[in-house]
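I opened this one at the bench to see what the coordinates would tell me. These are my notes, in the order I looked things up.

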Amino acid sequence: MASSFADANDPYKCRALMTRGYWIEPYQRWQPPGCLMHQYTGKDIRACLNGQRIVYIGDSTIRQLFWATAKKLNATGANAYRQEVETHRDLAFEDVHFVWDPFLNSSRLRAELLSSFDENIPENADPSETAGLIAVGGGLWYARHFRSDWLDRYRDALDYLAPLLGADGDRPALY
């Protein structure tokens, strides 16, 4: 039994986070084996950010991460804001931003990525002008709108992003 938790190929249990475990609350809290998952509060998130923004960029699946974070920061305000905004548009709530870019090809995506690397941030920059965390995701819209060649188009989008994300070896990679 102990060997299931000790894996030399996965010492930090990253694989277990994604593939093993169970839901404590249906689709709300995932519990992987051998880990105690911290439930972040709005206060925790603000402390981690230290004045910086969180930026989510992508499609509707990434937008759900935006809403989950917004609710952690201020559930009442986030729920009220959600009732008044349009679905397919950029959103901003407190220090959390969502950029509607389902094809991962906007100039705003490129600008957010480039402006958040240390070498591009001026020493006297306001922390609220930089992102402490950027999450990018997509692909479903390619499959939905480009049925026959969606994978090639999606791969082209990722190839465009790779150098911006550090995949060329010049910058630390983002995951």
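**Salt bridges first**

I started with Glu112, which counts as buried because its relative accessibility is 7% (buried means under 20% relative accessible area, exposed over 50%, partly exposed in between, with a 1.4 Å probe and protein chains only). Before going on, I noted that this is a predicted model, where local features need pLDDT of at least 70 and side-chain atom pairs count only at pLDDT 80 or more, while totals for chains, interfaces and linings use all residues. Residues are numbered from 1 along each chain as its sequence is written, and side-chain values use heavy atoms, with hydrogens and water left out.

What does Glu112 pair with? I found its side chain in a salt bridge with Arg108, at 3.4 Å from N to O (a salt bridge is a side-chain nitrogen of Lys or Arg within 4 Å of a carboxyl oxygen of Asp or Glu). Both sit in helix α4 (residues 107–115), and about one helical turn separates them because they are 4 residues apart. Arg108 is partly exposed, at 30% relative accessibility.

For helices and strands I use DSSP runs numbered from the N terminus: H or I with at least four residues for a helix, E with at least two for a strand.

I then searched the whole structure and got 6 salt bridges. One of them links Glu94 and Arg46, with the closest N and O atoms 2.5 Å apart. Glu94 is in the loop between β4 and β5 and Arg46 in helix α2, so this pair ties together parts 48 residues apart in sequence. Arg46 comes out partly exposed at 36% relative accessibility, and Glu94 is partly exposed too, with a relative accessible area of 38%.

Asp149 and Arg153 make another salt bridge, with 3.1 Å between the closest N and O atoms. Asp149 is partly exposed at 28% relative accessible area, and Arg153 is partly exposed at 35%. Which residues are joined into one network by salt bridges that share partners? I wrote down Arg53, Asp90, Arg108 and Glu112, so my starting pair belongs to that network.

**Backbone oddities**

Next I checked phi. Most residues other than glycine have a negative phi. Glu94 goes the other way, with a positive phi near 50°; its loop runs between β4 (91–93) and β5 (96–100). Asn50 also has a positive phi, about 50°, although it is not a glycine. I placed Asn50 in the loop between α2 and β3, and it counts as exposed because its relative accessibility is 62%.

**The whole chain**

I counted 6 helices and 6 strands in the protein chain. Along the sequence they follow the pattern α-β-β-α-β-α-β-β-α-β-α-α. Of the 175 residues, 31% count as buried.

**Largest pocket**

How big is the volume of the largest pocket? I got about 1,600 Å³. My rule for a pocket: on a 1 Å grid over the protein atoms alone, it is an open set of points where a 1.4 Å probe fits, with protein on both sides within 12 Å along at least five of seven lines; lining residues have an atom within 4 Å of a point. The volume is the space filled by probe spheres set on the points.

The lining has 37 residues, and those nearest the centre are Met37, Tyr56, Leu65, Ala68 and Thr69. Elements giving two or more residues include β3 (53–58), α3 (60–84) and α6 (150–161). The largest share, 6 residues, is from β6. By type I get 27 nonpolar, 7 polar and 3 charged (Ala, Val, Leu, Ile, Met, Phe, Trp, Tyr, Cys and Pro count as nonpolar, Asp, Glu, Lys and Arg as charged, and the others, Gly among them, as polar).

I took a second look at Thr69, which is in helix α3. Thr69 is buried at 10% relative accessibility. Its C-alpha lies 9.6 Å from that of Phe93, and the two are 24 residues apart in sequence.

**A surface patch**

Last, I found a nonpolar surface patch of about 290 Å², made by Leu17, Met18 and Met37. Met37 also appears among the residues nearest the centre of the largest pocket. Patch residues have over 30% relative accessible area and no salt bridge; nonpolar side chains (Val, Leu, Ile, Met, Phe, Trp, Tyr) are joined within 5 Å, like charges within 9 Å. Areas come from the Shrake-Rupley method with a 1.4 Å probe, and for residues only the protein chains shown count as cover. Leu17 is in helix α1 (residues 14–19).
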